[in-house]
Amino acid sequence: MKAELLKGHLDALLLAALESGPRHGYAVMEALRESTGGQLDLPTGTIYPALHRLEAAGLIAGSWSVVGGRRRRCYVLTEAGRKALSGRRADWRDFAAVISAALEGAPWPSTA
Amino acid sequence: MAEHRLITAYRDDLLAQLPAHLADEVSDGLADAQEKYIGQGLNPDQAASAAIAEFGNARMVVDGFRRACPAWRAARALIVTGPVVGGWWAAALIADRAWDWPIPMAVRLLVGVMLAGSVLLLVASARARRYQQVRRAGLAGCLGLAVLDACVITTAVLLGPNLRWLLVVAVCVSAVRLTFVVGGLRRLVSQPGV
């Protein structure tokens, strides 16, 4: 998938990857890959800085632990993050319905 | 399992350019990726190489953090808008014959040195490769520019003999920039790890 298509959606994707529970950075990358059948393969240099940005914004919370002798930082959705994800999902549904209507002649509002 | 030499070299490369906590975090992910590939049947050497190929070289990872750093973004924004703000101030000060204002030469020189220093620090932040340099230079450059903006606003309001529209606009532009810079500084200080 072209990276420019993901612009503006990265935060929602990361929040969604953390919805089911705490994950570390690589697990977030893997979760996005698996949930999209490998279509979303975001670079490391995008994922980790974005996680830090979301943490600074209070949408996720990070904590350190030691796993297998290595320091690991895991992230979990905060309440603000859950609300933000819910809002992004609603925005996306509206957006997708509008664009589908324009591109494919689908009825709007979507009845699907 | 002992860390593979390729993973160690990658971590050292990151440590040379990123704060330790960021290097640790990425290195942990890299080691996790290596374990995944070993689980898929690759030997440790192949698995380490595959993990590094998946992560991309350390330069790309560092660039990602650099571009996300508030100091880098603020420095670039100030460098881009600086000539417009500076040009406007120059026009306003010339129109107001600012050289006649009762400001001691030492203060004028100090302002000039601070301006040059702040600009150099912002350029250094925007061009630096190491994350810590990006952050420190950006922080210092933003701070210098905030102090300068506050000084020129105060000076223009107190000493400007008649606030012509050019000077009023310059004061407003600097006030907007000051608000932006102070907001950026607050983010930088409140996010010591980013």
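Here are three short exercises with worked solutions on a predicted model.

**Exercise 1. Find out how chain B is built and whether it is spread out or compact.**

Step 1: Begin with the secondary structure. Chain B has eight helices and zero strands.

Step 2: Follow the chain from start to end, and the pattern reads α-α-α-α-α-α-α-α.

Step 3: Now turn to the radius of gyration. For chain B this is 24 Å, whereas the globule rule gives 16 Å for 194 residues; the value is well over the rule, so chain B is more spread out than a compact globule.

Step 4: Look at the extents too. The C-alpha trace of chain B spans about 80 × 30 × 25 Å along its principal axes.

Step 5: Finish with burial and contacts. Of the 194 residues in chain B, 35% are buried. If you take the contacts in chain B between residues at least 6 apart in sequence, 70% of them join residues at least 24 apart.

**Exercise 2. Work out how helix 1 of chain A lies against helix 4 of chain A, and which residues make the contact.**

Step 1: Locate the two elements. Helix 1 of chain A covers residues 10–17, and helix 4 of chain A covers residues 79–104.

Step 2: Compare their axes, which come within 9 Å and cross at roughly 125°. Because of that angle, helix 1 of chain A is oblique to helix 4 of chain A.

Step 3: Add the handedness: helix 1 of chain A passes helix 4 of chain A in a left-handed crossing.

Step 4: Pick out the residues. Helix 1 of chain A brings A:Ala12, A:Leu15 and A:Ala16, while helix 4 of chain A brings A:Gly81, A:Ala84, A:Leu85, A:Arg88 and A:Trp92.

Step 5: Sort this contact by class, and you get six nonpolar, one polar and one charged residues.

**Exercise 3. Determine which residues of helix 1 of chain A are buried, and how this helix packs with helix 2 of chain A.**

Step 1: The buried residues of helix 1 of chain A are A:Leu13, A:Leu14, A:Leu15 and A:Ala17.

Step 2: Ask what they pack against. Among the partners in chain A are strand 1 (23–24), helix 2 (25–35) and helix 3 (44–56).

Step 3: Take helix 2 of chain A. Its axis is 9 Å from that of helix 1 of chain A, at an angle of about 100°, which means the two helices are roughly perpendicular.

Step 4: Name the contact: A:Leu13, A:Leu14 and A:Ala17 of helix 1 of chain A meet A:Val28, A:Ala31 and A:Leu32 of helix 2 of chain A. These residues divide into six nonpolar, no polar and no charged.

Note on methods. Residues numbered from 1 in each chain as written. Chains lettered and ligands numbered in written order. Predicted model: local features only at pLDDT ≥ 70, side-chain atom pairs only at ≥ 80, totals over all residues. Helix = DSSP H or I, 4+ residues; strand = E, 2+ residues; numbered from the N terminus. Rg over C-alpha atoms; globule rule 2.2 N^0.38 Å. Buried ≥ 20, exposed ≤ 12 C-beta atoms within 10 Å, placed from the backbone. Contact = placed C-beta atoms within 7 Å. Axes fitted to C-alpha atoms, helices over the stretch in contact; angles between N-to-C directions. Parallel < 35°, antiparallel > 145°, perpendicular 65-115°, else oblique. Left-handed = near helix turned anticlockwise from the far one by under 90°. Nonpolar A, V, L, I, M, F, W, Y, C, P; charged D, E, K, R; others polar.
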